[in-house]
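Good morning, and thank you for making the time. I would like to take you through one model this morning, beginning with a single residue and working outwards from there. Please keep the view in front of you as I speak.

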Amino acid sequence: MRPSPLLLPLLPLLLLCCCNCCRCLAAEELSLRRWHARAAATGDDGAAISAPGFAVAAGSQQQQQQQQQQQRWLRVAVPATVVGALLQNDYWGEHFDPYFGDNLERVAQSRELYAAPWWFRADDFNVTCSAGAQALRLVFDGLSYRANVWVNGRQVGAKGDVAGAMRAFEFDISGIVCRAGAQQVVAVAVAVQVFPAEDLKDYDLGVYFVDWAPHPPDASMGLWRDVRVVSTGAVSVAHPAVTSTLTMRGDSVTAACLSMLVEVANHADVPVKGYLSVEIVGITTSLQQ
């Protein structure tokens, strides 16, 4: 069920709405802010780590320092990169400022922390949906660089497809997330971007830095924007974009045409008919399909 882009000529846009025989429900969102994170270890099982009953031990920083690195679970507020997660937990000391003096060099010296993938795990949320909600999507507004994504013990995204510099991704989790108020778990194993070696082989297309813009020691690995669970009806409307075309006479604009591109997705298993309606300063236009 791929989104169907609709291109409409418009005047200045005021309001976008969708009506589809009550099957297009206004989206409800839950932002996942509170997570745990740790470096990945050999033998980690994504299904087990993302299971609701998995035990996460996250003690004080002093207790964490006494454990093996791969066993440390840090409390993290997302958005956060790996360095951000460590800073939140005073890894380099209380009130440590990576932007002061040569402190960034100290962060870079901990390079062994960034060699392995990192787990980010959210487990303190539940999902409740309004009447009529038929689709649930897990939305990453920005992830870098490569990741395996698990929800409630099931893998929904693999690193071969979930890859890119600070890209957005979304996954249909309608049949995975329980809607009865039980604990839900999202677990993401994020891997660092591969930078080119001298032979310029097997490297990732991504964001690079020059000498006057210091390279982030973790290459911005992590969840660098919000992670959301979005509930909608069978049909959803997303990503509206408006472009303009001007008609000129000399240096003067004689007319302006705005075109809107919007993604309308059918999350049901059967075809759905409806119409897209746009209200523009008291004028309403629609497209039926």
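**A buried arginine and its surroundings**

Arg121 has a relative accessibility of 1%, so it counts as buried. Before I go further, please note that this is a predicted model.

Which residue forms a salt bridge with Arg121? The partner is Asp123, and the closest N and O atoms of the two lie 2.5 Å apart. Asp123 is also classed as buried, because its relative accessibility is 14%, under the 20% limit for that class. In general, side chains of opposite charge can pair when their charged atoms come close.

**The six-stranded sheet**

Let me turn to the strands. Strand S7 covers residues 118-125 and pairs with strand S12, residues 184-191, in the antiparallel sense over six bridges. To place one position on that pairing, Ala122 has Val186 in S12 as its bridge partner.

Both strands belong to an open sheet of six strands, which runs in the order S5-S4-S7-S12-S9-S10 with antiparallel pairing. At the edges are strand S5, residues 74-77, and strand S10, residues 154-157, each of which pairs on one side only. From one strand to the next, the twist averages 30°. As a general reminder, strands of a sheet pair through backbone hydrogen bonds, either parallel or antiparallel.

On the other side of S12 in that order comes S9. S9 and S12 also pair in the antiparallel sense, over six bridges. Here Val186 appears again, since Val151 stands opposite Val186 in S12. Val186 therefore has a place in two pairings: it is the bridge partner of Ala122, and it faces Val151.

**The turn at Asn152**

S9 and S10 are joined in antiparallel fashion over three bridges, and Val149 has Gly157 in S10 as its bridge partner. These two strands form a hairpin with two residues between them, and in it Asn152 takes a positive phi near 50°. Asn152 lies in the loop between S9, residues 146-151, and S10.

Is Asn152 buried or exposed? Asn152 is buried, because its relative accessible area is 18% and the class takes in values under 20%. Asn152 and Gly53 are separated by 99 residues in sequence, while their C-alpha atoms are 9.5 Å apart in space.

**A second hairpin**

A further hairpin is built from S15 and S16, again with two residues between the strands. Strand S15 spans residues 235-249 and strand S16 residues 252-266; they pair in the antiparallel sense over 13 bridges. On this pairing, Cys257 in S16 is the bridge partner of Thr245. Gly250 sits in the turn and has a positive phi of about 70°.

**Salt bridges across the chain**

How many salt bridges does the model contain? The count comes to six. I have already described the pair of Arg121 and Asp123.

A second one joins Glu29 to Arg228, with the closest N and O atoms 2.7 Å apart. This pair links distant parts of the chain: Glu29 is in strand S3, residues 28-31, and Arg228 is in strand S14, residues 227-232, with the two positions 199 residues apart. Arg228 is buried, at a relative accessible area of 15%. Glu29 and Arg228 also belong to a network of salt bridges that includes Asp141.

Another is formed by Arg38 and Asp44, whose closest N and O atoms are 3.1 Å apart. The two partners fall into separate classes: Arg38 is buried at 4% relative accessible area, whereas Asp44 is partly exposed at 27%.

**A buried serine and a surface patch**

I close with two contrasting sites. Ser144 is in strand S8, residues 135-144, and it is buried, with a relative accessible area of 2%. Leaving aside residues up to four places away in sequence, Ser144 touches a set of residues, among them Gly164, Met166, Val190, Ala219, Met221 and Trp224.

At the surface, Val194, Tyr203 and Tyr208 make a nonpolar patch of about 270 Å². Tyr203 is found in the loop between S12 and strand S13, residues 222-223. Tyr203 counts as partly exposed, because its relative accessible area is 40%.

Thank you; I am glad to take questions.

Methods: Residues are numbered from 1 along each chain as its sequence is written. This is a predicted model: local features need pLDDT of at least 70, side-chain atom pairs count only at pLDDT 80 or more; totals for chains, interfaces and linings use all residues. Side-chain values use heavy atoms; hydrogens and water are left out. Two strands pair if DSSP finds at least two bridges between them. Helices (H or I, at least four residues) and strands (E, at least two) are DSSP runs, numbered from the N terminus. Axes are lines fitted to C-alpha atoms, for helices over the stretch in contact, and angles run from 0 to 180 degrees between N-to-C directions. Patches are made of residues with over 30% relative accessible area and no salt bridge: like charges are joined within 9 Å, nonpolar side chains (Val, Leu, Ile, Met, Phe, Trp, Tyr) within 5 Å. Accessible areas come from the Shrake-Rupley method with a 1.4 Å probe; for residues, only the protein chains shown count as cover. A salt bridge is a side-chain nitrogen of Lys or Arg within 4 Å of a carboxyl oxygen of Asp or Glu. Buried means under 20% relative accessible area, exposed over 50%, partly exposed in between (1.4 Å probe, protein chains only). Contact means heavy atoms within 4.5 Å.
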